[in-house]
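Student: Could you take me closely through how the first two helices of this chain meet, and then follow the chain outward from that contact? I would like each term explained with its cut-offs as it comes up.

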Amino acid sequence: MKTLVIKNYAVLPLAQWLQSQLLHGKESRNRSRFIKLVAPHSEDINADRLELCEKYAEKDENDVPIMLNEDGTVSGMMVNGKPKGHHYKIEGEALLNFNKELQEMMNEDFVIDVSPASREAIYAVRDVVLNTTAEFVGVGAVEYDYWCSCF
């Protein structure tokens with residue numbers, strides 16, 4: 001069985017780019033099917049990233065991760081028993097360890113089996129990616145080159 005292998009770091013940017021493309025009819029439906037195919041994995045990546053944040057964040061006296069506001073002040077807000085803010089407070093050695101673990105996770109392969117049920121959607125997205133007239137620069141050009149090599 002054929003497979004599509006894509007690094008975790010490329011899944012969300014590809015899905016976001018695909019959603020921004022103006023497609024019609026069958027192409028649009030197949031794009032939607034592909035997005036539904038990768039959405040659970042994207043959610044898993046986000047959940048794993050959140051777990052890493054909570055693991056490495058500094059904790060308050062109640063062992064609750066500290067969240068900071070956009071301006072760097074401690075948030076102190078709680079929603080449904082969880083801290084709420086702009087980002088977790090992760091500094092020093094913890095930040096180095098967090099970044100190392102996050103990088104390892106994002107470099108893992110996401111393997112999609114090209115089964116009879118997913119074949120049409122994957123091949124349609126492949127054609128959209130390989131035949132696009134969109135223009136890419138900078139990081140977007142590097143991402144696009146990687147997507148092409150995956151397909």
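Tutor: Helix α1 (residues 8-20) and helix α2 (residues 25-56) pack at an angle of about 140 degrees, and their axes lie 10 Å apart. Here helices (H or I, at least four residues) and strands (E, at least two) are DSSP runs numbered from the N terminus, while axes are lines fitted to C-alpha atoms, for helices over the stretch in contact, with angles running from 0 to 180 degrees between N-to-C directions. This is a predicted model, in which local features need pLDDT of at least 70 and side-chain atom pairs count only at pLDDT 80 or more, whereas totals for chains, interfaces and linings use all residues. Residues are numbered from 1 along each chain as its sequence is written, and side-chain values use heavy atoms, with hydrogens and water left out.

The crossing of α1 and α2 is left-handed, a term that applies if the near helix is turned anticlockwise from the far one by less than a right angle, a clockwise turn being right-handed. On the α1 side the contact is made by Asn8, Val11, Leu14, Ala15, Leu18 and Gln19, which meet Arg31, Phe34, Ile35, Val38, His41, Ser42 and Ile45 of α2; contact means heavy atoms within 4.5 Å. Sorted by class, this contact of α1 with α2 has eight nonpolar, four polar and one charged residues, where Ala, Val, Leu, Ile, Met, Phe, Trp, Tyr, Cys and Pro count as nonpolar, Asp, Glu, Lys and Arg as charged, and the others, Gly among them, as polar.

Two residues of that contact, Asn8 and Ile45, also touch Met106, whose contacts, leaving aside its neighbours within four places in sequence, are Lys7, Asn8, Tyr9 and Ile45. Met106 belongs to helix α3 (residues 92-106), and although Met106 and Asn8 are 98 residues apart along the chain, their C-alpha atoms are separated by 4.8 Å.

Lys7 leads to strand β1 (residues 3-7), where Leu4 and Ile6 form the covered face and Thr3, Val5 and Lys7 the uncovered one. Strand β1 pairs with strand β6 (residues 109-113) in the antiparallel sense over five bridges, pairing being assigned if DSSP finds at least two bridges between two strands. Within β6, Phe110 is the bridge partner of Ile6, and Ile112 is that of Leu4. These two partners, Phe110 and Ile112, make up the covered face of β6, while Asp109, Val111 and Asp113 make up its uncovered face.

Next comes the region that follows α2. Asp63 lies in the loop between α2 and β2 (67-68), and although Asp63 is not a glycine, its phi is positive, at about 65 degrees. Asp63 is exposed, with a relative accessible area of 56%; exposed means over 50% relative accessible area, buried under 20%, and partly exposed in between, for a 1.4 Å probe and protein chains only. Tyr88, in strand β5 (residues 87-88), counts as buried at 14% relative accessibility. Not counting residues up to four places away in sequence, Tyr88 touches Leu50, Cys53, Glu54, Ala57, Pro65, Ile66 and Met67. The C-alpha atoms of Tyr88 and Ala57 are separated by 5.9 Å, with their positions 31 residues apart along the chain.

Toward the end of the chain, Asn131 is found in helix α4 (residues 119-131) and counts as exposed at 58% relative accessibility. The C-alpha atom of Asn131 is separated by 9.8 Å from that of Cys148, 17 residues apart along the chain. Asp145, in helix α5 (residues 138-150), also counts as exposed, at 54% relative accessibility.

On the cysteines, the structure holds zero disulfides; a disulfide is taken as a pair of cysteine sulfur atoms within 2.5 Å. Cys148 is in no disulfide, its nearest cysteine sulfur being that of Cys150, 9.2 Å away. That sulfur of Cys150, in turn, has the one in Cys148 as its closest cysteine sulfur, and at 9.2 Å the two are too far for a bond. Cys150 counts as buried, at 15% relative accessibility.
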